[in-house]
Structure formats: structure tokens, C-alpha cells
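Colleague: I've got a new model open and would like to practise reading helices and buried charges. Could you walk me through it?

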Amino acid sequence: MYRKRPNLMLGFHGCDQSVRDELVRKPDLVKKSNESFDWLGNGFYIWENNYARALKWAEDKKARRTLSTPSVVGVVYQLDYCLDFTDSEFIDILATYYDLMKGDLEFAGKKLPQNKDLPKDKYHDLILRELDCAVIEYLHQKVDEQIQLDLKTKKFTNYKHFDTVRG
């Protein structure tokens with residue numbers, strides 16, 4: 001399901017200056033976001049090859065008063081196994097897991113999460129991505145469950161764990 005991406009990548013993380021400084025001092029202590037509205041699921045977000053976009057993200061957060069000093073930190077990373085949502089194959093896989101999750105929630109009598117606008121969001125771009133996050137986290141959970149089942153029953157698996165850095 002995941003494809004190996006063996007090349008090194010350059011990315012930029014928009015954040016508060018204090019977060020940037022902490023990441024530079026202690027790069028092994030990266031804090032992953034675990035919000036229900038994380039667009040591409042829980043993790044550490046970066047903008048691939050786009051310093052200006054990372055800075056804009058931090059400046060927008062300052063305008064919303066969620067950080068005080070916009071800053072950017074650069075990272076060099078390797079994707080390893082990843083879901084590439086620029087590839088139709090992976091978009092189709094995501095659609096399959098959306099249908100599975102929808103069925104599971106309907107069976108349990110629960111509603112699908114919804115993507116929503118922030119209050120006073122001038123762009124109306126549904127920045128609170130609760131549905132998107134739920135589907136991606138559901139997909140990863142199901143892959144992890146399959147890995148555990150395979151290891152328990154067959155002692156091997158053809159599935160791979162995914163990287164927690166998604167960019």
C-alpha cells in the first residue's frame with residue numbers, strides 16, 4: 001500500500017520562534033500534533049521545498065493569535081514508506097477507507113466527522129479537517145491492525161508501517 005521514497009527531501013515547518021529554537025536545540029524531541037482537525041492525520045507538518053509557504057502559515061497563525069513570533073525551521077527528511085496523495089492510486093485507496101469508516105460509523109450509530117471553517121475565516125477553506133484526519137487515522141489504524149493480525153497468525157506481513165512525518 002505504501003511506496004518507498006528513498007530520496008532525501010527538504011522541508012520547512014512554520015511555527016513560533018520558541019518552537020523553532022527548541023527543535024534546533026533538541027531535534028530528537030519533535031512534538032507531533034494530535035488534533036482531531038489535523039488535515040493529513042496526526043504528525044509533524046512541513047511544507048516541501050517551500051520556505052515562503054511555511055512562513056505564511058506561521059504568520060496566519062499569528063493573525064489568529066495562536067503564536068507570537070512567526071518563524072520557520074528547515075528539515076531534511078526521508079519519506080520511506082508513505083501515502084502520496086498527489087498520486088491517483090493513493091487517492092483511490094483513501095476513498096476505499098472512507099467508505100469502510102463510514103460503514104463502521106453507521107453500524108455503530110455514529111455520525112461522520114465534518115470539515116469546518118474557523119470562526120471568522122475569510123477564506124472559508126474548511127481549515128478544521130476533522131473528516132480528513134479521521135479517515136487517514138482510520139486507514140493507518142486498519143493497516144496496523146492487519147500487521148498485528150498477520151504477525152500473530154502467519155508470523156510475517158507484507159504490510160509496512162508508515163512514517164510519522166508527512167509533508
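Modeller: Let's take two helices and then one aspartate, keeping in mind that this is a predicted model.

Colleague: Which residues of H3 are buried?

Modeller: The general idea comes first: an α-helix has 3.6 residues a turn, so residues three or four places apart point the same way. In H3, the buried ones are Phe90, Ile93, Tyr97, Met101 and Leu105. They share one side of H3, because they cover an arc of only 110° around the axis. Ser88, Asp92, Asp99, Glu106 and Phe107, on the other side, are exposed.

Colleague: What should I look for at the ends of H3?

Modeller: At the N-terminal end, look for a cap: Asp87 places a side-chain oxygen 2.9 Å from the backbone nitrogen of Glu89. Just after H3, check phi: Gly109 has a positive value of about 75°.

Colleague: And how many residues does H4 have?

Modeller: H4 runs over residues 130–153, so to speak a 24-residue helix by DSSP. Its C-alpha span is 34 Å, close to the 34 Å expected. Its buried residues include Leu131, Asp132, His140 and Asp150. After H4 comes Lys155, with a positive phi near 70°.

Colleague: Now the aspartate. What surrounds Asp16, in strand E1?

Modeller: With a buried acid, look for an opposite charge, then for polar partners. Asp16 is buried without a salt bridge, and Lys62, the nearest side chain of opposite charge, is 8.3 Å away. Its side chain does make a polar contact of 2.8 Å with the side chain of Ser18, and a polar atom of the Asp16 side chain lies 2.8 Å from the backbone nitrogen of Thr69. Beyond its neighbours within four places in sequence, Asp16 contacts Leu67, Ser68, Thr69 and Ser71.

Methods
Residues are numbered from 1 along each chain as its sequence is written. This is a predicted model: local features need pLDDT of at least 70, side-chain atom pairs count only at pLDDT 80 or more; totals for chains, interfaces and linings use all residues. Side-chain values use heavy atoms; hydrogens and water are left out. Buried means under 20% relative accessible area, exposed over 50%, partly exposed in between (1.4 Å probe, protein chains only). Helices (H or I, at least four residues) and strands (E, at least two) are DSSP runs, numbered from the N terminus. The arc is that of the directions from the helix axis to the C-beta atoms. A polar contact is a pair of N or O atoms within 3.5 Å; within protein, one must be able to donate a hydrogen and the other to accept it, and residues adjacent in sequence count only if both atoms are side-chain atoms. The expected span of a helix is 1.5 Å times one less than its number of residues. Lys and Arg count as positive and Asp and Glu as negative; His and the chain ends are not counted. A salt bridge is a side-chain nitrogen of Lys or Arg within 4 Å of a carboxyl oxygen of Asp or Glu. Contact means heavy atoms within 4.5 Å.
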